[in-house]
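Colleague: Got a minute? I'd like to go through this chain with you.
Modeller: Sure, pull it up and ask away.

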Amino acid sequence: MERDILSAAEVAALRTSMGLSQAHLADMLGVNVRTVRSWESGRDKTSPSSSAALWGLLRRHQALTASFLEAGGVVGVAREAEGIPPRGWYLAAAGRAMTVEPDLMVEWV
């Protein structure tokens with residue numbers, strides 16, 4: 001269930017489930033890293049728009065995981081030049097896919 005306001009623990013859990021550092025999440029949301037730290041410390045709450053953006057990132061991450069599963073066999077992941085999404089984004093999706101399909105092989109290309 002997508003909620004308009006997320007707790008500190010929910011923000012941290014969503015971020016880590018996508019394999020993102022606080023800095024990478026901030027980059028992907030277009031906010032300052034201090035904002036993410038403030039959410040995760042409980043000092044500030046997410047706004048409805050920032051919560052919606054977080055849920056949108058999670059849906060993108062779930063779609064990436066699904067694409068790994070649909071591909072089956074060996075999945076090649078192109079390394080990003082500088083930046084977004086970072087390597088951890090792909091590693092987390094591949095890890096989730098591999099828990100569903102243990103024979104899946106992921107390679108950096």
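Colleague: Ser-50 first. Is Ser-50 buried or exposed?
Modeller: This is a predicted model, so keep that in mind. Ser-50 has 11% relative accessibility, and buried means under 20%, so Ser-50 counts as buried.
Colleague: Where is Ser-50 found?
Modeller: In helix H4.
Colleague: And what does the side chain of Ser-50 reach?
Modeller: The backbone nitrogen of Ser-47, at 2.8 Å.

Colleague: Stay in H4 for a second. What about His-61, buried or exposed?
Modeller: His-61 also belongs to helix H4. Its relative accessible area is 0%, so His-61 is buried.
Colleague: Which residues does His-61 touch, leaving out those up to four places away in sequence?
Modeller: Ser-17, Met-18, Trp-89, Ala-92, Ala-93 and Arg-96.

Colleague: Now the helices. How are H2 and H4 packed?
Modeller: H2 covers residues 22-29 and H4 covers residues 48-71. Their axes are 10 Å apart, and the angle is about 105°.
Colleague: Why those two values?
Modeller: Two packed helices are described by the angle between their axes and the distance between the axes.
Colleague: So what do we call that arrangement of H2 and H4?
Modeller: Roughly perpendicular, because angles of 65 to 115 degrees count that way.
Colleague: Which residues meet there?
Modeller: H2 brings Leu-25, Met-28 and Leu-29. H4 brings Ala-53, Leu-54, Leu-57 and Arg-60.
Colleague: How many of the residues in that contact are nonpolar, polar or charged?
Modeller: For H2 with H4, 6 are nonpolar, none are polar and 1 is charged.

Colleague: Leu-25 caught my eye. What is Leu-25 in contact with, leaving aside neighbours within four places in sequence?
Modeller: Arg-15, Leu-20, Val-36, Leu-54 and Leu-57.
Colleague: Which residues touch the most other members of the largest nonpolar core?
Modeller: Leu-25 is one of them. The others are Met-18, Leu-54, Leu-57, Phe-68 and Trp-89, and the core has 25 residues.
Colleague: Which elements give two or more residues to this core?
Modeller: Helices H1 (8-17), H2, H3 (33-41), H4 and H5 (87-100), plus strand E1 (74-77). H4 gives the most, with 6 residues.
Colleague: Why do such residues sit together?
Modeller: In soluble globular proteins, nonpolar side chains tend to be buried together.

Colleague: New topic, Ser-38. Buried or exposed?
Modeller: Ser-38 lies in helix H3. Its relative accessibility is 4%, so Ser-38 counts as buried.
Colleague: Which residues does Ser-38 touch, not counting those up to four places away in sequence?
Modeller: Arg-43 and Asp-44.
Colleague: And how far apart are Ser-38 and Met-98?
Modeller: They are 60 residues apart in sequence. In space they are 33 Å apart, C-alpha to C-alpha.

Colleague: What about Gly-72, where does that lie?
Modeller: In the loop between H4 and E1. Gly-72 counts as partly exposed because its relative accessibility is 22%.
Colleague: How far apart are Gly-72 and Asp-103?
Modeller: 31 residues apart in sequence, and 8.4 Å apart in space, C-alpha to C-alpha.

Colleague: Last one, the whole chain. How many helices and strands are there?
Modeller: 5 helices and 2 strands. Along the sequence the pattern is α-α-α-α-β-α-β.
Colleague: And how many residues, with what share buried?
Modeller: The chain has 109 residues, and 34% count as buried. The C-alpha atoms fill a box of roughly 45 × 30 × 20 Å along the principal axes.

Definitions and conventions. Residues numbered from 1 in each chain as written. Predicted model: local features only at pLDDT ≥ 70, side-chain atom pairs only at ≥ 80, totals over all residues. Heavy atoms only, no water. Axes fitted to C-alpha atoms, helices over the stretch in contact; angles between N-to-C directions. Helix = DSSP H or I, 4+ residues; strand = E, 2+ residues; numbered from the N terminus. Parallel < 35°, antiparallel > 145°, perpendicular 65-115°, else oblique. Contact = heavy atoms within 4.5 Å. Nonpolar A, V, L, I, M, F, W, Y, C, P; charged D, E, K, R; others polar. Core = buried A, V, L, I, M, F, W, Y, C linked by side-chain atoms within 4.5 Å. Buried < 20%, exposed > 50% of the residue type's maximum accessible area, 1.4 Å probe, protein only. Polar contact = N/O pair within 3.5 Å; in protein donor to acceptor, adjacent residues only side chain to side chain.
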